Amino acid sequence: MTLEITPAKLKGGITPPPSKSQAHRLLIAAALAGGGKIENLAASQDIDATRRCLAALFAPSEGLPLLDCGESGSTLRFFIPLALALRGGGVFVGHGRLMERPQQPYFDLFDRQGISYRQEGGRLTVAGRLHAGVFPLRGDISSQFITGLLYALPLMEGDSEIVLTSPLESAGYVDLTVEVLTRFGIEIEGTYHVRGGQTYRPADAVVEADYTQAGIYFAANHMGSAVDIHGLAPQSKQGDRVIADYCAQLALPGTVTLDVSQCPDLVPALAVCAALRDGETTHMIHAARLRIKESDRLETTSEQLMRLGGQVAQGADSLTITGVSALTGGRVSACNDHRIAMMLAIAATRANGPVVLEGAQCVEKSYPRFWQDYAALGGKIREVP
């Protein structure tokens, strides 16, 4: 789908969609507990993938279950240890760039435990049984590996410990995992000791509004819109709640350096804010993991903003943005990346001409109602050939 977006400020109230990160975790915990009412769920391609994999994992069948993870990195990495613990393995398929994302931290553990694995094209097969013990794990590739193990290790017969061999990035996501596990009766001690033989207990929960998706509206407000953002939990464990503080820093004069190691998904929203800091420089550092998302987000963020007149330079793990007074119109691409599509929608609110966005439908991955909400807030969009 290609949309033409006519520049217009956004105005009105919005409640961001439910947190995708929390919803994944609550759905898995409830399934392991055999019950629990999870309210305020919203459909998206990633959440559909987790529901689909839960159905496959718990379906009575012979052989290894087939788990279609769509394009969801969370689903893939959360379910690999669970499939080993519950079914002796599984066959995982993915789409888009999913199977290009690194799984080496798991593979290193599997080599230690004698678990077989084979990856061919878009299919990963793992077979064997996960055993309790010490799990050395890097913390700077993805926190999703830690979460996957934290769900599986309580089911082991013996006690286990995850030992981080490098600094933990996106720590807020692990905090969110521990909070959900605690709600469902699982005890995690320290960082991270897990007693074996535990039992998940049913619990009810309401999914919080998503700070990551709210980030795009924080960015819009930073750029002159007037969106009232409702429903966010001030004490949330979501790491992306730092969006308000980072936007405040971008409102100050002078060079600003933002460490995005704990909030990589906010980079597109922050980048478009930085692009309009007229004459000021913004450095976003510790961002290497953005190269292995739905797109290479350092590349696509810089390329698409430059198509609209932004001044962006890439480093291996960073972006340096020199602010301009206004963005131009032009033709851009979402690059099959939901966060790039939403970044460009917000960029259009401060362009001096229409923005034509190719591939706008990719927002369905995480926020299917985005374009309806954007229009309800006064965004001017129309579908074009």
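A cavity here is a set of grid points where a 1.4 Å probe fits but cannot get out, and its lining residues have an atom within 4 Å of a point. Keep that in mind as you click through this predicted model.

**Stop 1: the second largest cavity**

Select Thr212, Gln213, Gly215, Ile216, Asp265, Leu266, Pro268, Ala269, Arg339 and Met342, and you have the lining of the second largest cavity. Helix 7, helix 9 and helix 11 are the elements that each give two or more residues to this lining. Helix 7 gives the most, with four residues. Colour the lining by class and you should get five nonpolar, three polar and two charged residues. The volume of this second largest cavity is about 80 Å³.

**Stop 2: helix 7 against helix 9**

Stay with two of those helices. Show helix 7 (residues 211-222) and helix 9 (residues 267-275) as ribbons: their axes come within 9 Å and cross at roughly 5°. Angles under 35 degrees count as roughly parallel, so helix 7 is roughly parallel to helix 9.

Now add side chains. From helix 7, pick Gly215, Ile216, Ala219 and His222; they meet Ala269, Val272 and Cys273 in helix 9. This contact has five nonpolar and two polar residues, and no charged ones. Gly215, Ile216 and Ala269 will look familiar, as they also line the second largest cavity.

**Stop 3: the largest cavity**

How many cavities of 30 Å³ or more does the structure hold? There are three, and the largest contains about 390 Å³ of space. To centre your view, select Ser74, Arg101, Gln144, Asp265 and Lys293, which are the closest to the middle of this cavity among its 28 lining residues. Asp265 is worth a label, since it is also in the lining of the second largest cavity.

Which elements give two or more residues to the lining of the largest cavity? They are helix 1 (20-33), helix 3 and helix 11 (338-347). Helix 3 gives the most, with four residues. Switch to class colours again, and the lining of the largest cavity shows 13 charged, ten polar and five nonpolar residues.

**Stop 4: helix 3 and its partner**

Follow helix 3 (residues 73-87) away from the cavity and bring up helix 2 (residues 45-58) beside it: the axes come within 11 Å and cross at roughly 10°. That angle makes helix 2 roughly parallel to helix 3.

For the contact itself, select Asp46, Ala49, Thr50, Cys53, Leu54, Ala56, Leu57 and Phe58 in helix 2, then Thr75, Phe79, Leu82, Ala83, Leu86 and Arg87 in helix 3. By class, the contact has ten nonpolar, two polar and two charged residues.

**Stop 5: the largest pocket**

Next, select Pro17, Pro18, Ala42, Tyr367 and Pro368. These are the closest to the centre of the largest pocket, out of 18 residues that line it. The pocket's volume is about 190 Å³. Its lining divides into nine nonpolar, five polar and four charged residues.

**Stop 6: Thr322**

Finish on a single residue. Thr322 lies in strand 17 (residues 318-322). Is Thr322 buried, partly exposed or exposed? Its relative accessible area is 29%, so Thr322 is partly exposed. Show what surrounds it: beyond its neighbours within four places in sequence, Thr322 is in contact with Ala275, Glu280, Thr281 and Gln311. For a last distance, draw a line from Thr322 to Val260; they are 18 Å apart, C-alpha to C-alpha, and 62 residues apart in sequence.

Methods:
Residues numbered from 1 in each chain as written. Predicted model: local features only at pLDDT ≥ 70, side-chain atom pairs only at ≥ 80, totals over all residues. Heavy atoms only, no water. Axes fitted to C-alpha atoms, helices over the stretch in contact; angles between N-to-C directions. Parallel < 35°, antiparallel > 145°, perpendicular 65-115°, else oblique. Contact = heavy atoms within 4.5 Å. Nonpolar A, V, L, I, M, F, W, Y, C, P; charged D, E, K, R; others polar. Buried < 20%, exposed > 50% of the residue type's maximum accessible area, 1.4 Å probe, protein only. 1 Å grid on protein atoms, 1.4 Å probe; cavity = no way out; pocket = protein on both sides within 12 Å on 5 of 7 lines; lining within 4 Å. Points joined across faces, edges and corners; volume = space filled by probe spheres on them.
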